[in-house]
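Visitor: I'd like a close look at one part of this structure, the cysteine pairings. Could you walk me through them once it's on screen?

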Amino acid sequence: MSTPFLEVKNLSVSFPTEDGLVRASNDISFDVARGETLAVVGESGSGKSVTSLAVMGLHDRRSAQISGQAILNLENGPIDTISANPEVVRKLRGRSMAMIFQDPMSALHPYYTVGDQISEAWRLYNDGDKKAGIKRATEMLELVGIPEASKRVHEYPHQFSGGMRQRVMIGMALVNNPSLLIADEPTTALDVTVQSQILQLLREMQKEFNMAVILITHDLGVVAEVADRVCVMYAGKIVEQAVIDEIYYTPDHPYTIGLLNSIPRVDELDGKRLLAIPGQPPSLISLPPGCSFRARCTFSSQVPNNLCATKVPDLDNKYGEHFSRCHLTEEQLKKARVSTGAQS
Amino acid sequence: MLKYLARRLTATFMVIVLVSISVFMIFSFLPMDPARLTCGKACTPAVVEGNRHRLGLDVPVQVQYVRFVKGIFVGRDFGEGAAKFSCPAPAFGYSFNKHECVTTLIAEAFPVTFSLAIGSFILWLLVGVSLGVLAARRQGKWVDKASTAFVLVGNSLPTFISGILILLLALKFNLINPIEMGRWVSPFKDPIGWASNFILPWMTLALAYAATYTRFTRSNVIETSSEDYIRTARAKGLSEKVILRKHTLRAALAPILTIAGLDFAGLLGGAIITENIFNLPGLGRLSIRAVLIDYDLPVILATTLLAAVFVVTMNLIVDILYAYIDPRVRVA
Amino acid sequence: MSQVDLIEDESATASIVQRTPRQIAWTRFKRNKVGVLSAAVAIFFILGAYLAPLITRVMGLSSTKTYPKTLNDYAMPIGHAGGISLSHPLGVEPGAGRDLLSLLLYGSRISFTVAFIVSVASIGLGMLIGITTGYFRGKLDAIVGRFSDFLLSFPGTFMIIALALPLRERVEALGIARDNGARIIVLIFFFVFFGWPGFARLIRSQAFSMRERDFVMAAQALGASSWRIITRELLPNLWPTAIVFLSISLPGYLAAEAVFSFLGVGVQAPASTFGLVLSDAVTYWRDDPAYLIIPSMYLIIIVLSLNLLGDAIRDALDPKAVAG
Amino acid sequence: MSGSKMTTSHFRRRLVATTAAGAFLAASVLVGTATSADAATAKVTKGGTLYFITQQQQFDHVDPARVYTGRDIAFFNSYLYRNLVSYKPTKGAAGSSLVPDLATNTGVPSNSAKTWKFTLRAGATWEDGSAVTCADAKYGVSRAFATDVITDGPQYLVAALAIPTNADGSSQYKGPYKKTGQALYDKAVTCSGSTITFKLNRSFADFNYALTYPAGAPVKASKDNGDKYDLRPFSNGPYKIATYKIGDEMHLVLNTKWSQKSDTVRTPNADDIVVRFGLVENVRDQIMLDDSIPNTVNLDGLQPANNLRFFADPKKATQRMNVYDPYVRYAAMNVSPGHMTCLDVRKAVFFAMNMQALIDLSGGTIYYGVPGDSPVKPVLGLDYAKTTGNIHDPAWNINGAPDKAKALLASAKSACPDVYAKATDPSKGISWDLSNTATNQKASVLIKTAMDAAGIVMKFNFIPSGQYYSTVMDPTKQGDISTAGWGADWANASTVIPPLFIKGGGFDLSQASTDPDYAAFKALSDKALGTTDRPKQAAMWKQLAQMAMDKYWIIRPVFGKGQFDWGSKVGGVYYWEPQGTYGFGQLFVKN
């Protein structure tokens, strides 16, 4: 694999609140290369978005405590977006790294035409008048597959459908050929049919621009379509990280196993029950000692010495590039996969 | 858009007609007898009757209303014989207390009230909005705390206290020319005289209103700042300055427009307390004196109606402006 | 309050406290030092107002008695700062020589009573009309909507001034009340008459959107009656709005009552309210400034504490709203 | 600033001291007065601008036929319009004597004073240079008959001229605008050369006093524009109106067509006279206290607290005067059925009253006035006599006599149970009308305190000050007791007793006509009006005053005082007794 474009090292984000320190993401490390798609998966509240926003430098530094590194390997040298001057980071946004968000309904400014909004992003880094900006915006709209782009460029967000709006968002994010695109649940708010169109578009765009893509989602089904590698997050920590096939075929963490079991599969509708993971994720303010998934884990009793309750498991690579954070032995995990039907 | 405008205009017109009828009815059926109240010192039944005729109150109320409306369009004659005279259209009646057509009285009072309203409006918007934005940007810092204190004081101080305190302080430190205080000076002839005449009342009103606007702006800016599209703007790489100016403020200030429009309209109808404290010959003083001192019915009717017209018209203007600012409203 | 910039991690906070909204509100409120302090101050003054007879009796004072010995030959208070003494802690009123503390205690009682009744009544009316029109919509909504537009376009302050006297005469002629009783009734009537549309509008829009929410839809699907939906589903969700509105309108009406008696259309002597005392005090500002300053401060402290309390309540009930 | 603060004149009409009684009264009445000696000693300087300041928004009226308050009469008579006769512009009792003005004499009565002749002097001109003619004088008087245009003015001329009346008492002549009954008027008032003759319907020995009112001043018919004439009357005096804007200012400039030769009454000193209206009370007082505009005359008087301060300042000694004004302030008992029909209750209210506190409230006996014993003020020397009873009753106490009041109430309980019940039932009570001013608000407190001590339940009806008199003069709206004030129109109690107590007299707030003893009172009053023998008439007025006091139709009269103040550069100030105000004509601006 080529040099990663983004290297995230020991990234932690926490928020001081009235009730205590919320450790939203904790000691996160991953990397992603150009042309590669990394999926970050987890329930809401697991710290996916917090992590990506930290990479983008979008947290309000007055309310968020951030430590660790997020290094962008740019042509003229690496920059750590966590420690760099906010003004330097700002100038990377939109150009070197871009982001699209979950709800295209609210992510576009309701008072400006889509053309204005795309043109604004382009003109930030390119010399050109308004007219040139609109021309560029029209090209982008055509590129992301919006019909009658030259007419619609003058329309307002509320005049677009959800899927079309997400296309606009993608067009806007890509207008300056960014090297990294973070897509934060880009399809969650959309119809299923539109979802796959958007994912298709993302894939095309990735090829076209040779981007590194981080796809944040809670939907493992989406992951299967586009991702090269997967990071599974739980309660602010990465619990498992591996290439896509290994995640699907040999999940190494009970939480991943649980997630996989909760995906409805078209090929297995023959009366097999969907298995939800019981219980709630723990409070991020007072994480219990030991494994944070313990309370919901059906296998924790198999670990001797009550280890799950006392020691936080390390993120070990059990084999190759497959990391997971669990006290269970490989043998026990194999059984677990079989018992829950995750192993097929 | 045109259809919407036409519909709104009709509704506005209907409200004005309704208000005029109800104001007319309310004052006609009051147990007050203007003929007697303005009858004077040698008041005999014959004089009261003559007075009633003079005031045009000796005919049924619907006839009075028709005369009133007709006067607005074609003007109106008063008096008889050699003492006859007329008020040209639009005539809202004649004040026998001030010996002047009501339209003239209003035309003289309006610039005063308008000056008062526009000046304090600009002052409170400037102070309120900038303080609100500043407080929102510097949450928890001293600017925020100072503005909070300002808001609290402004909100808790009724204008009749703050106005008097401002006046008394100005008197104490000889900041005003007492004999010229409150006199109307045209801003086109003597802008400095005009402004110096209005500065204290502007401050009084601005203190009361700016507080509300600071509070409102602050919470709107904070709320808007957490909108997704602001995050989008930030993700685009826009600088904070541009985000604030172009993205946050436009969305945060749009709702303020509605309140500002109504507050402004309310003031145009006459800032009764402020005008009286500072002796400004505006609509507020005209109307309150017409009610409490002279019981000058034509003036009462006209000023009440005018105040209502300001409110409904400003409502219309605000709605149109809002549609201009927020494209989502336009399709409706 | 601090800014919890959790973006989409609401669940994180939600999972921290598993308490009822009321408990959450209470906890939040208790944590707000300014709120607690202002509540204490407000309660102090409210108690003062309603225990006025007791307090004055204990102090050996009366609000209706004059103390001629405290005044000189020109009816100005003898002594410093408006005649402040052990027996008259806030001094005496020039001219008539009544005890200022008693006047303010009894005066604030009238002000509080008017403000309470008006706030509760206009909120009650606004709630009733707002929910009904917001929930049932249709023709009723259109009619009530136009009517409140019409009311809102009326110059209310001016109408109150113009109509207070004749209406009072009506009230007296009907034998409902006399003198200040009638004046208070008229004032309350007007405040409520011009006050409800604003609140009804707010409630209407909330009821309107709530109508489309899942829990109401669910109730409708289960065949619940409109009455049941309104009382069991809508009302409990609207009461925080009502409480917040109450806390905002209370100091507003308190000040409004003062303004109208200042203008001479509210309560009149021999009773005494803030407006009356202050309008009188203005003429003595040079010779007896304490008589202007003390009642002003008294009123401002009350309004201030109620405003602060209102903010605290709003913060406690609606953490998303950011107080100014 | 507020309704409660805006006051208009609480009193009507004027008071005149007779020449005969003047000497005695001037000494006894003007106690504590610091009258300016400027008029006599300071050298009069010409030129400059004289300012007048007032919180009023406008003069009640400017039209000569409609002006009816002493101050405004004095003001306009000094500057703008001339009457046939005038009061002598001088201080002291001499000021109450009549002098010829436009006429060459003070009138020649004949036919038992039923015909009066005045001859106009030559040389008097209007501001356009045209001569003031007899026709102008005749036209001026005729305007008072146009009651649908000319309101508020005195009705003496309308009532006195020999013109038939309709059944409702209104004149058959409707004034010069409608010209209805013009022939009747032309018969009653005739011009022959420069001599004007008035034919009256009764003997009117002091008719020439009635002509000191501007209502008798000439008006040039071609300049009369009805209601609008109230904004800019055509001048024949030393000044003319340059501008008059209600709520702002009136600016008078010298009338170049006026010649000193034709006028023995007026001496224009200042070049410009500016009246500034609508000053906030605090601002107005500040101007006077700081002397910030030294060439200013205060038309209003100061607020009580500031008044005390101003009068205590030795530096202001030559800028103030404190005098008995023309008015008697009193409380009228409404004796009509359903109201205060019970004499004992009326007396109880009187004896319960704490007059000392009420007087102190308004400035004490030095600045407000002293307890009086008659509706007629002592300045009307001929017609005033000390009465018996009321404040001379041994049981009376200036601080209130609650025990006496209780005793009276006790006797009322059996004599008139219904009024007693009303006076003592907390749910009913006696209603007292007051104009809504800050001072009255406090007065009500003092009254209530005193009444509580006597067991009388008193309620107060505050009426917006501008509507006070028109409200209480409406019998359907009048309460049980109404506060009022009255001053004689000229030195004859004929301008006090009948207006106050005779039905249709114009100011009969006591509704005395409903009293069982009214017939006797009316008979005597009518007899007095018809008596031309002045001492005999005076005796009757004294008797009538005693009757009114014995019946307690009015209670607690106060012989009022007034304070006047002006800036350090104003000279020539004196108190013009008959008008109860400044002698405006002699004011000047010091260098």
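Which hand does the link of B:Cys87 and B:Cys101 have, left or right, going by the angle about the S-S bond?

Guide: Bear in mind that this is a predicted model. The B:Cys87 and B:Cys101 link is left-handed, with -90° about the S-S bond. This pair connects distant parts of the chain: B:Cys87 is in strand E2 (residues 85–87) of chain B, while B:Cys101 is in strand E4 (residues 100–101) of chain B, 14 residues apart. The bond itself runs 2.0 Å from S to S. As for burial, B:Cys87 has 1% relative accessibility, so it counts as buried. B:Cys101 is buried too, because its relative accessible area of 7% falls under the 20% cut-off.

Stepping back, a search of the whole structure turns up three disulfides over all chains. Let's go on to chain D, where the disulfides follow the pattern 1-2, 3-4 when bonded cysteines are counted along the chain.

Take D:Cys134 and D:Cys191, which form a disulfide with their sulfur atoms 1.9 Å apart. Their link is left-handed, at -95° about the S-S bond. Again distant parts of the chain are linked: D:Cys134 belongs to helix H4 (residues 134–142) of chain D and D:Cys191 to strand E6 (residues 189–192) of chain D, 57 residues apart. The two ends don't get equal cover, though. D:Cys134 counts as buried because its relative accessibility is 4%, whereas D:Cys191, at 34%, counts as partly exposed.

Then there's D:Cys342 with D:Cys416, another disulfide, its sulfur atoms 1.8 Å apart. Here the partners sit in loops: D:Cys342 between strand E12 (320–333) and helix H10 (343–352) of chain D, and D:Cys416 between helix H13 (402–415) and helix H14 (417–424) of chain D, so the bond ties together parts that are 74 residues apart in sequence. Both D:Cys342 and D:Cys416 are buried.

What about cysteines without a bond? A:Cys297 is in no disulfide, and the nearest cysteine sulfur, that of A:Cys326, is 6.1 Å away. For a disulfide the sulfur atoms must be within 2.5 Å, so that 6.1 Å gap rules the pair out. A:Cys297 is buried all the same, with a relative accessible area of 15%. A:Cys308 is likewise in no disulfide; its nearest cysteine sulfur belongs to A:Cys291, 5.8 Å away. With 8% relative accessibility, A:Cys308 also counts as buried.

Terms used: Residues numbered from 1 in each chain as written. Chains lettered and ligands numbered in written order. Predicted model: local features only at pLDDT ≥ 70, side-chain atom pairs only at ≥ 80, totals over all residues. Heavy atoms only, no water. Helix = DSSP H or I, 4+ residues; strand = E, 2+ residues; numbered from the N terminus. Buried < 20%, exposed > 50% of the residue type's maximum accessible area, 1.4 Å probe, protein only.
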